[in-house]
Amino acid sequence: MNEIFNFRRQLNIAKVLVVTASFIIIIIIAFVFFTPNNNEKPLSTNTIIETHENKISDFKSKNNEIILSLNNSYGLSQFDSIQDYILELRSEDNLNIFIEKKNLSTDKILYNLVSKDKEIYIKEFNSISNISDIREITIADGIIGYTYGFHYLDNRMKKPFYLQIIWIQKNSNYYILSAEFPLDKLDSYSKIINEITTNLKFN
């Protein structure tokens, strides 16, 4: 009888241990799968993106005065800018697009501002190369703009980048659009500048 009692006692203890172990395993699994990943940076709550069935997304500036339509294949996400950008787009492949808005004084000519900006880059930054000439371009809706580009070394990433800057005047304001990406992605992103100038709309 004592042997049977001891056997049942050992059996009950074993059952309790099995149940307890199972419960602990369930808790661990739940913790692993449902704990938020703090490394993921959430999108801005103010992001306004309209996705079309043809895999094109409309990115709207803060004041909705600009809409930039780009292919979803670029993997761009819109962020709240901590600087003065009215539109800031970034991708995991370091494709970055920024748009600034500034007031154009009546005594200023846009081309002169562009030329001065280029001179400053050449004078103050030693890490740039392959600087293109300033050329006139036509944005959507027939708006005239100016653009130039160059290569530069990103000191933080220790990686060469390509930067294209587009200047656009509309009424008493002008907009500076900067698009940059790693130089080794030039083949992948070679068409994006043309897409930007074609698909940039002003409300």
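Helices and strands here are DSSP runs, of at least four residues for a helix and at least two for a strand, numbered from the N terminus. By that reckoning, the protein I am presenting this morning has three helices and twelve strands. Please keep in mind that the structure is a predicted model.

Let me begin with the protein as a whole. It has 203 residues, of which 36% count as buried. Its exposed surface comes to about 13600 Å², and carbon and sulfur atoms supply 52% of that area. If we take the contacts between residues at least 6 apart in sequence, 45% of them join residues at least 24 apart.

I turn now to the strands around S6. Strand S5 covers residues 85–90 and strand S6 covers residues 96–103; the two run antiparallel and are joined by five bridges. Within this pairing, leucine 87 stands opposite isoleucine 99. S5 and S6 form a hairpin with five residues between them. In the turn, asparagine 94 has a positive phi of about 65 degrees. S6 also pairs with strand S11, residues 173–182, again in the antiparallel sense, and here over eight bridges. Asparagine 103 and asparagine 173 stand opposite each other in that second pairing.

Next, the charged residues. As a general point, side chains of opposite charge can pair when their charged atoms come close. How many salt bridges does a search of the whole structure find? The search finds three.

One of them is between glutamate 65 and lysine 101, with a distance of 3.1 Å from N to O. Glutamate 65 sits in the loop between strands S2 and S3, while lysine 101 belongs to S6, so this pair ties together parts that are 36 residues apart in sequence. Is each partner buried or exposed? Glutamate 65 counts as buried because its relative accessibility is 13%, under the 20% cut-off. Lysine 101, at 34%, is partly exposed.

Another salt bridge joins arginine 90 to glutamate 88, and their closest N and O atoms are 2.8 Å apart. Arginine 90 is partly exposed, at 32% relative accessible area, whereas glutamate 88 counts as buried, at 9%.

There is also a salt bridge between glutamate 100 and lysine 102, whose closest N and O atoms are 3.7 Å apart. Lysine 102 counts as partly exposed, with a relative accessibility of 35%.

Glutamate 88 deserves a second look, for it has a further partner. Which residue makes a polar contact with the side chain of glutamate 88? That residue is serine 81, through its own side chain, at 3.0 Å. Serine 81 lies in the loop between strand S4 and S5, and it is buried, with a relative accessible area of 13%. Leaving aside neighbours within four places in sequence, serine 81 is in contact with Lys62 and Glu88.

I close with another loop residue, isoleucine 139. Its place is between strand S8, residues 135–138, and strand S9, residues 144–154. Isoleucine 139 is buried, with a relative accessible area of 2%. What does isoleucine 139 touch, once residues up to four places away in sequence are not counted? The answer is Ile166, Ile168, Thr197 and Leu200. In addition, the C-alpha atoms of isoleucine 139 and asparagine 199 are separated by 8.2 Å, although these residues are 60 residues apart along the chain.

Conventions. Residues are numbered from 1 along each chain as its sequence is written. This is a predicted model: local features need pLDDT of at least 70, side-chain atom pairs count only at pLDDT 80 or more; totals for chains, interfaces and linings use all residues. Side-chain values use heavy atoms; hydrogens and water are left out. Buried means under 20% relative accessible area, exposed over 50%, partly exposed in between (1.4 Å probe, protein chains only). Contact means heavy atoms within 4.5 Å. Accessible areas come from the Shrake-Rupley method with a 1.4 Å probe; for residues, only the protein chains shown count as cover. Two strands pair if DSSP finds at least two bridges between them. A salt bridge is a side-chain nitrogen of Lys or Arg within 4 Å of a carboxyl oxygen of Asp or Glu. A polar contact is a pair of N or O atoms within 3.5 Å; within protein, one must be able to donate a hydrogen and the other to accept it, and residues adjacent in sequence count only if both atoms are side-chain atoms.
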